[in-house]
Amino acid sequence: MIVDDSPFSLTLTTGALSGFGIRPAFAVGSGGEARRILKDKPVDLLIVDTDLPDVDGFELVRWLRRSGPNPNAFTPVIMTASHIRRGRVTEARDCGANFVVTKPFSAAMLLERILWVARDTRPFLEVGDYLGPDRRFRNEDYDGEERRADEIRKKTVEFA
């Protein structure tokens, strides 16, 4: 699904995906319309612009991640933005998006990001008000006390 209020951007993104043999099932111009579809129809990937007139992209992704038993809650999300500041990148990360791509982007860059999110093995976490992919990209050894609940549970099961 592609969500962008600019008909030009919607056409370009749809065309880029079509060039790779990907036919978007839905291409919509508002967050509200996307929300209605996402409640009922499964999607494999969501490409959403950050600046939408009714429900902005950040709010749409937050809603999606918290949409309960909806299978789309775990759908990979690539956010697109023009004129994005560092704070907005942080907001995209914190709302649960998998990746941010700045406009204008090339078709090759879009494909690269799609492949990246398809191969992304980071688990989904729910911590405080955050629900989304683990924001840590590095998998380095940590020398301190383990605080992740799933890892603590694994260790107690292993020793029981």
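1. Let's start with a term: a salt bridge is a side-chain nitrogen of Lys or Arg within 4 Å of a carboxyl oxygen of Asp or Glu. Keep in mind as you read that this is a predicted model.

2. With that in hand, look at Glu 112 and Arg 113. Their closest N and O atoms are 3.2 Å apart, and the two residues form a salt bridge. Is Arg 113 buried or exposed? Arg 113 counts as buried, because its relative accessibility is 17% and buried means under 20%. Its partner Glu 112, at 42%, counts as partly exposed.

3. Next, find Glu 59 and Arg 35, whose side chains meet in a salt bridge with an N to O distance of 3.8 Å. This pair links distant parts of the chain: Glu 59 sits in helix H3 (residues 57-65) and Arg 35 in helix H2 (residues 31-40), 24 residues apart. Glu 59 is partly exposed, at 38% relative accessibility.

4. Helix H3 also holds Arg 62, and the partner of Arg 62, Glu 91, lies in helix H4 (residues 86-95). The two form a salt bridge, with 3.4 Å between the closest N and O atoms. Here too distant parts of the chain are linked, the residues being 29 apart. Glu 91 has a relative accessible area of 25% and is partly exposed; Arg 62 is partly exposed as well, at 37%.

5. Which residues are linked in a network of salt bridges? They are Asp 4, Asp 49 and Lys 103.

6. Finally, the overall count: a search of the whole structure finds seven salt bridges.

Definitions and conventions. Residues are numbered from 1 along each chain as its sequence is written. This is a predicted model: local features need pLDDT of at least 70, side-chain atom pairs count only at pLDDT 80 or more; totals for chains, interfaces and linings use all residues. Side-chain values use heavy atoms; hydrogens and water are left out. Helices (H or I, at least four residues) and strands (E, at least two) are DSSP runs, numbered from the N terminus. Buried means under 20% relative accessible area, exposed over 50%, partly exposed in between (1.4 Å probe, protein chains only).
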